[in-house]
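Ready for a little practice at the screen? Please open the structure below and keep it in view while you work.

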Amino acid sequence: MKNFDVTALGELLVDFTSNGFSAQGNPLFEANPGGAPCNVLSMLQRLGKKTAFIGKVGEDAFGRMLEDAVAEQEIDTRGMVRDKEVPTTLAFVHNTSDGDRSFSFYRNPGADMMLREEEVDMELLKDTRLFHFGTLSMTDPDVEKATKVAIKAAKEAGALISFDPNLRPPLWKREEDAKEKFAFGFGQCDILKISDDEILFFTGLSDIDAGIKKIQESYDISLICATMGKEGSRAYYKGMKVECPPFLNPDTVETTGAGDTFMACVLNAVLENGLEALDEEQLYAMLEFANGASSIITTKKGALRVMPHKEEVLRFIQERKK
């Protein structure tokens with residue numbers, strides 16, 4: 001038996017989210033701990049799983065804040081290291097009227113980019129059931145090497161691999177670079193979560209089914225989940241396609257962390273049911289729970305510190321079905 005259910009590697013940063021205006025009319029921003037990998041781990045912790053994080057922060061006030069926030073969620077931090085020279089990565093999240101987002105990053109460089117392969121905790125990777133990563137740990141050559149070393153070690157230890165592209169166009173010098181990392185991730189993973197806009201970006205196809213088919217023709221991925229915002233989500237598994245409607249929430253304030261919450265719920269279902277013989281009922285239940293949890297997180301500022309518990313999600317789903 002392995003001690004960790006999921007270990008994730010990648011960016012840990014501060015998301016400055018809009019929080020009204022000052023008396024002088026200046027925009028106010030709240031400093032929320034963020035970064036997709038730890039958001040995923042935080043939700044998994046809420047669901048009773050044991051998780052660990054591998055990444056890098058600056059040796060500064062923001063870095064210490066992030067370390068404390070991650071530890072508060074009971075995510076194991078032994079794989080987290082500090083950079084004495086490069087500051088913690090910052091992101092400013094700008095919300096549109098419909099709750100969608102745009103990002104401004106202060107990451108040239110940022111500490112998360114500075115993780116080196118010799119700093120990766122190999123013992124964690126040998127001791128985990130599943131390893132999760134995204135593309136943002138591959139925007140710089142050195143941290144890309146660290147990511148690939150981690151994937152190789154996790155695979156050799158028998159871990160499942162999950163991948164979320166988590167496209168952030170401002171962080172790529174060329175679109176082709178991002179597509180290349182998408183392709184690498186597709187070639188490594190057993191479980192893929194991909195959004196409708198990422199499907200369009202990679203395949204050039206706006207039709208979700210056609211885009212997934214194109215990906216499946218080139219990559220052998222056991223389970224693919226497509227998120228479609230207000231259209232809900234779909235799962236593609238062993239020739240099956242299962243679709244689940246969304247839980248549209250009138251109380252939505254922002255969508256930060258919704259995809260990460262969804263990803264965590266998918267991984268939780270795989271950890272509990274395995275990846276070999278999922279049926280249509282299990283896939284629908286997985287999507288329904290993931291959609292419900294994602295809807296809840298859109299009503300909160302930030303994500304990592306405010307993930308819902310299992311009972312809250314189940315209660316929300318039951319109330320919305322009445």
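The exercises below walk through this predicted model, each with a worked solution.

**Exercise 1. The nonpolar cores**

Find which residues have the most contacts inside the largest nonpolar core, and which helix gives the largest share of this core.

Solution.
- Step 1: Start with the core itself, which has 54 residues; M43, I191, L223 and M286 have the most contacts inside it.
- Step 2: Now look for the helix. Helix α8, residues 258-273, supplies the largest share, 10 residues.
- Step 3: Zoom in on I191. Leaving aside residues up to four places away in sequence, I191 touches L130, I161, S162, F163, I221, L223, M263, V266, L267, V270 and L275.
- Step 4: Then turn to a second, separate core of 46 residues, with I54, L136, A150 and I221 among its members.

As general background, nonpolar side chains in soluble globular proteins tend to be buried together.

**Exercise 2. A methionine in a helix**

Decide whether M65 is buried, partly exposed or exposed, and list what M65 touches beyond four places in sequence.

Solution.
- Step 1: Locate M65 in helix α2, which spans residues 61-72.
- Step 2: Apply the cut-off: buried means under 20% relative accessible area. M65 has 21% relative accessibility, so it counts as partly exposed.
- Step 3: Check the contacts. With residues up to four places away in sequence left out, M65 touches V14, A31 and P33.
- Step 4: Compare positions. M65 and L130 are 65 residues apart in sequence, and their C-alpha atoms are 27 Å apart in space.

**Exercise 3. A covered strand and its partners**

Work out how many residues of strand β11 are buried, and in which sense β11 pairs with β10 and with β12.

Solution.
- Step 1: Count along β11, residues 223-227: 5 of its 5 residues are buried.
- Step 2: Sort them by face. L223, C225 and T227 lie on one side, with I224 and A226 on the other, and both faces are covered.
- Step 3: Follow the pairing to strand β10, residues 191-195, which is parallel to β11 over 5 bridges. Here L192 stands opposite I224.
- Step 4: Go on to strand β12, residues 233-237, which runs antiparallel to β11 and is joined to it by 5 bridges. In this pairing, I224 stands opposite Y236.
- Step 5: Inspect the hairpin of β11 and β12. There are 5 residues between the strands, and G229 takes a positive phi near 60°.

**Exercise 4. Charged pairs**

The structure holds 22 salt bridges. For R129 and D5, find the N to O distance and say which strands the pair links.

Solution.
- Step 1: Find the side chains of R129 and D5, which meet at 3.0 Å, N to O. The pair links strand β8 (residues 128-134), home of R129, to strand β1 (residues 4-9), home of D5, across 124 residues.
- Step 2: Compare their surroundings: R129 is partly exposed at 34% relative accessible area, whereas D5 is buried at 13%.
- Step 3: Try another pair, R305 and E72, whose side chains also form a salt bridge at 3.0 Å, N to O. R305 lies in the loop between α9 and α10 and E72 in helix α2, so this pair ties together parts 233 residues apart in sequence.
- Step 4: Finish with K181 and E180, which meet at 3.2 Å, N to O. K181 counts as buried at 9% relative accessibility, while E180 is partly exposed at 47%. Salt bridges with shared partners join E144, K148, E180 and K181 into one network.

Conventions. Residues numbered from 1 in each chain as written. Predicted model: local features only at pLDDT ≥ 70, side-chain atom pairs only at ≥ 80, totals over all residues. Heavy atoms only, no water. Core = buried A, V, L, I, M, F, W, Y, C linked by side-chain atoms within 4.5 Å. Buried < 20%, exposed > 50% of the residue type's maximum accessible area, 1.4 Å probe, protein only. Helix = DSSP H or I, 4+ residues; strand = E, 2+ residues; numbered from the N terminus. Contact = heavy atoms within 4.5 Å. Pairing = 2+ DSSP bridges. Salt bridge = Lys/Arg side-chain N within 4 Å of Asp/Glu carboxyl O.
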